[in-house]
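Colleague: I would like a close look at a single part of this model. Please keep the answer plain and give the cut-offs.

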Amino acid sequence: MSWPSGFWTRHPATVAHDLIGWEVLVGGVGGRIVEIEAYHHEDPASHTHSGPTPRNAAMFGPPAHAYVYRSYGVHWCLNFVCGETPGSGLLIRALEPTHGLDLMAERRGRAELRGLCSGPGKVCQALAVTREHNAMPLDRAPFMVSPGKARGVVAGPRIGISKAVDVPWRFGEAGSTFVSRPFPKAS
DNA sequence: AGACTGATATTCT
DNA sequence: GAATATCAGTCTA
């Protein structure tokens with residue numbers, strides 16, 4: 001597998017936009033990216049805004065690696081490290097399930113496709129992503145990240161934050177029914 | 001459908 | 001002690 005040269009070393013919002021429609025597999029299980037959020041080092045809403053900590057250390061490591069953290073003490077959330085400078089990354093918020101549907105349904109405890117990966121915590125539960133995956137490279141097993149195509153890309157404000165709420169760095173595939181929440185209607 | 005609540009790691013004040 | 005890049009359950013209507 002190979003990525004376009006310099007793909008990950010650009011502004012996180014640009015990378016997030018381009019990743020919509022790509023395929024993400026962990027241990028052969030996963031689907032197409034239909035929703036992503038970008039977090040920049042100098043963005044007040046980012047975990048990295050106040051510098052490195054034990055938790056966010058992976059975000060200051062090399063691009064094209066994973067950053068996995070515990071959310072609300074309960075869920076895992078999967079991020080891709082990217083950017084021109086250290087400390088930026090992308091939160092994988094939703095997938096359209098394509099591979100390992102039975103396994104995902106079993107891990108999630110429910111079978112409806114629409115609810116399998118429609119949220120960052122759900123994605124990690126369905127793909128069995130945990131702390132063990134933190135700081136792992138995305139170009140080697142168990143990860144597989146391969147280019148794909150989106151029908152169209154829409155953007156909107158990010159979800160669940162209280163700072164920089166108007167920065168439109170949430171990206172999704174136009175018309176997808178697998179997103180965690182609908183995007184603001186265009187026009 | 002919408003509002004509220006519990007779970008509870010990590011960071012910041 | 002308070003807030004948080006969340007989710008599922010349960011209640012009210």
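Which polar backbone atom is 2.9 Å from a phosphate oxygen of DNA strand B?

Modeller: The backbone atom belongs to arginine 55. The model is predicted, so local features need pLDDT of at least 70 and side-chain atom pairs count only at pLDDT 80 or more, while totals for chains, interfaces and linings use all residues. Residues are numbered from 1 along each chain as its sequence is written, chains are lettered from A and ligands numbered from 1 in the order in which they are written, and side-chain values use heavy atoms, with hydrogens and water left out.

The pair at arginine 55 is a polar contact, that is, a pair of N or O atoms within 3.5 Å; within protein, one must be able to donate a hydrogen and the other to accept it, and residues adjacent in sequence count only if both atoms are side-chain atoms. Threonine 53 also reaches a phosphate oxygen of DNA strand B, with a polar side-chain atom at 3.0 Å. At tyrosine 72, a backbone N or O atom is 3.4 Å from a base oxygen of that strand.

The residues surrounding DNA strand B are Ser50, Thr53, Pro54, Arg55, Arg70, Tyr72, Gly73 and Val74, where near means that one heavy atom of the residue lies within 4 Å of the strand. Sugar or phosphate accounts for 59% of the atoms of DNA strand B within 4 Å of the protein, and bases for the rest.
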